[in-house]
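I opened the model today and kept notes as I went. The entries follow the order in which I looked things up.

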Amino acid sequence: MTTRRARATVMAVALAFIAPVTLTGCGQIADVFNSMPGQGGGAQSVVVSTPAPASSSDAKPFDSQFTYDGSVSLTSEVADGLDVRLDVWAVDPKRTMEWTATNEKQFGFALNVVDNRVDEKAVLAQKRRVYVSSVSITSQTAQTGGQVSNPFQFTADPRTLVPSDTLRSDRGLLLNSFQGGLLVPTTSIRQLPNDTYGITLEFALNVAVEGTANTDSSFSQQTVYQYLPIAIFADDGQASAGTGTAPSSSTGRAPGWGQTSGQG
């Protein structure tokens with residue numbers, strides 16, 4: 001995992017988010033959310049474990065590289081030398097220490113694939129193709145009161161989020177084309193329970209992976225999982241509001257963090 005934003009050339013797609021209670025949807029894309037469940041079936045699973053971090057008294061209260069740097073790149077090897085890359089970055093506020101339970105927290109993400117066996121400028125016929133047919137995000141909060149909630153959800157067939165001339169097939173949207181992979185420039189997490197000090201997003205990607213370049217008969221189905229912990233801070237003035245608030249310092253932020261600002 002690298003800690004610098006790695007933005008590949010990708011096709012822009014619409015704003016997309018959903019939340020059943022605490023979040024609201026906007027734009028035409030919202031209609032497709034939750035209408036297309038993941039198609040894991042009997043597919044082989046590739047699980048990249050990033051355990052949900054626990055509160056720590058000697059380090060950060062909710063360990064999150066995304067929060068510390070403002071962006072993160074998560075890589076999953078789906079075949080020998082073939083990587084699916086998930087890039088996530090803070091959009092607004094760009095300073096991730098300003099991500100609180102009550103404000104709107106916007107992030108963007110992109111999916112791409114890299115075949116390390118060939119030059120990146122090689123023609124598509126020389127690369128092992130990867131198609132994505134479903135992208136879903138679920139969430140789980142960490143709260144000082146011990147409760148757990150799942151306030152943020154996102155589910156979509158990526159073929160519905162891009163122009164109709166983008167390369168796709170029955171297997172899904174092609175990620176390793178010169179047209180680019182999949183870009184969701186802005187997705188919002190809205191209000192969280194007041195005592196939230198962290199939230200972990202689970203990305204589940206249903207992909208079809210080509211075993212041998214330019215060989216249709218060599219595809220296999222996989223589900224790739226990635227986990228993104230995000231620290232949540234107390235609002236200024238909320239630190240001493242009593243029970244039910246996130247752990248905080250005199251600055252209104254959770255203790256244990258330096259002054260590094262996120263660079264979205």
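**Entry 1: the main core.** I began with the inside of this predicted model. The largest nonpolar core has 40 residues. Val88, Phe107, Phe109, Phe154, Leu201 and Phe203 have the most contacts inside this core. I then looked up which strands feed the core. At least two residues each come from E2, E3, E4, strand E5 (130–143), strand E6 (154–156), E9, E10 and E11. E10 gives the most, with 6 residues. Another core lies apart from this one and has 6 residues, including Phe62, Met97, Ala142 and Tyr197. I added a general remark from my course: in soluble globular proteins, nonpolar side chains tend to be buried together.

**Entry 2: one core residue.** What does phenylalanine 107 touch, leaving out residues up to four places away in sequence? I listed Val88, Trp89, Ala90, Val91, Trp99, Phe152, Pro185, Thr186, Thr187, Ile189, Leu201 and Phe203. Val88, Leu201 and Phe203 in that list also appear among the residues with the most contacts inside the core.

**Entry 3: the whole chain.** I went back to the overview. The chain has 1 helix and 11 strands. Along the sequence the pattern is β-α-β-β-β-β-β-β-β-β-β-β. The chain has 264 residues, and 50% of them count as buried. Its accessible surface is about 11600 Å², and carbon and sulfur atoms hold 48% of that. I also looked at contacts with a separation of 6 or more: 71% of them join residues 24 or more positions apart.

**Entry 4: a sheet of four strands.** I traced an open sheet with the order E2-E3-E4-E9 and antiparallel pairing. Which strands form its edges? They are strand E2 (71–79) and strand E9 (182–189), each of which pairs on one side only. From one strand to the next, the twist averages 20°.

I checked two of the pairings. E2 and E3 run antiparallel and are joined by 8 bridges. Leucine 74 has leucine 86 in E3 as its bridge partner. The hairpin of these two strands has 2 residues between them, and glycine 81 there takes a positive phi near 75°. Strand E4 (residues 105–115) pairs with E9 in the antiparallel sense over 6 bridges. There, alanine 110 has leucine 183 in E9 as its bridge partner.

**Entry 5: two buried strand residues.** Is leucine 182, in strand E9, buried or exposed? Leucine 182 is buried, because its relative accessibility is 1% and the cut-off for buried is under 20%. Its C-alpha atom is 7.8 Å from that of valine 162, although the two are 20 residues apart along the chain.

I did the same for glutamine 222, which sits in strand E11. Glutamine 222 has 5% relative accessibility, so this residue also counts as buried. Valine 207 is 15 residues from glutamine 222 in sequence, and their C-alpha atoms are 5.4 Å apart.

**Entry 6: backbone exceptions.** I noted the general rule before searching: most residues other than glycine have a negative phi, and most peptide bonds are trans. The peptide bond from aspartate 92 to proline 93 is cis, with omega near -5°. Proline 93 is in the loop between strand E3 (82–92) and E4.

Asparagine 214 is not a glycine, yet its phi is positive, about 60°. Where does asparagine 214 lie? I found asparagine 214 in the loop between strand E10 (196–210) and strand E11 (219–231). Its relative accessible area is 54%, so asparagine 214 is exposed.

**Entry 7: how far to trust the model.** I left the confidence values for the end. The mean pLDDT of the chain is 75, and 66% of the residues reach 70 or more. Residues 45–59 have pLDDT below 50, and beyond near neighbours in sequence this stretch has 26 contacts in the model. Residues 240–264 also stay under 50, and the model has 73 contacts for them beyond four places in sequence. Where pLDDT is low, the predicted coordinates should not be read in detail. I therefore took no detail from residues 45–59, where pLDDT is below 50, or from residues 240–264, where pLDDT stays under 50.

Notes. Residues are numbered from 1 along each chain as its sequence is written. This is a predicted model: local features need pLDDT of at least 70, side-chain atom pairs count only at pLDDT 80 or more; totals for chains, interfaces and linings use all residues. Side-chain values use heavy atoms; hydrogens and water are left out. Buried means under 20% relative accessible area, exposed over 50%, partly exposed in between (1.4 Å probe, protein chains only). Contact means heavy atoms within 4.5 Å. Accessible areas come from the Shrake-Rupley method with a 1.4 Å probe; for residues, only the protein chains shown count as cover. Two strands pair if DSSP finds at least two bridges between them. Axes are lines fitted to C-alpha atoms, for helices over the stretch in contact, and angles run from 0 to 180 degrees between N-to-C directions. pLDDT is the predictor's confidence in each residue, from 0 to 100. A nonpolar core is a set of buried Ala, Val, Leu, Ile, Met, Phe, Trp, Tyr and Cys residues joined through side-chain atoms within 4.5 Å.
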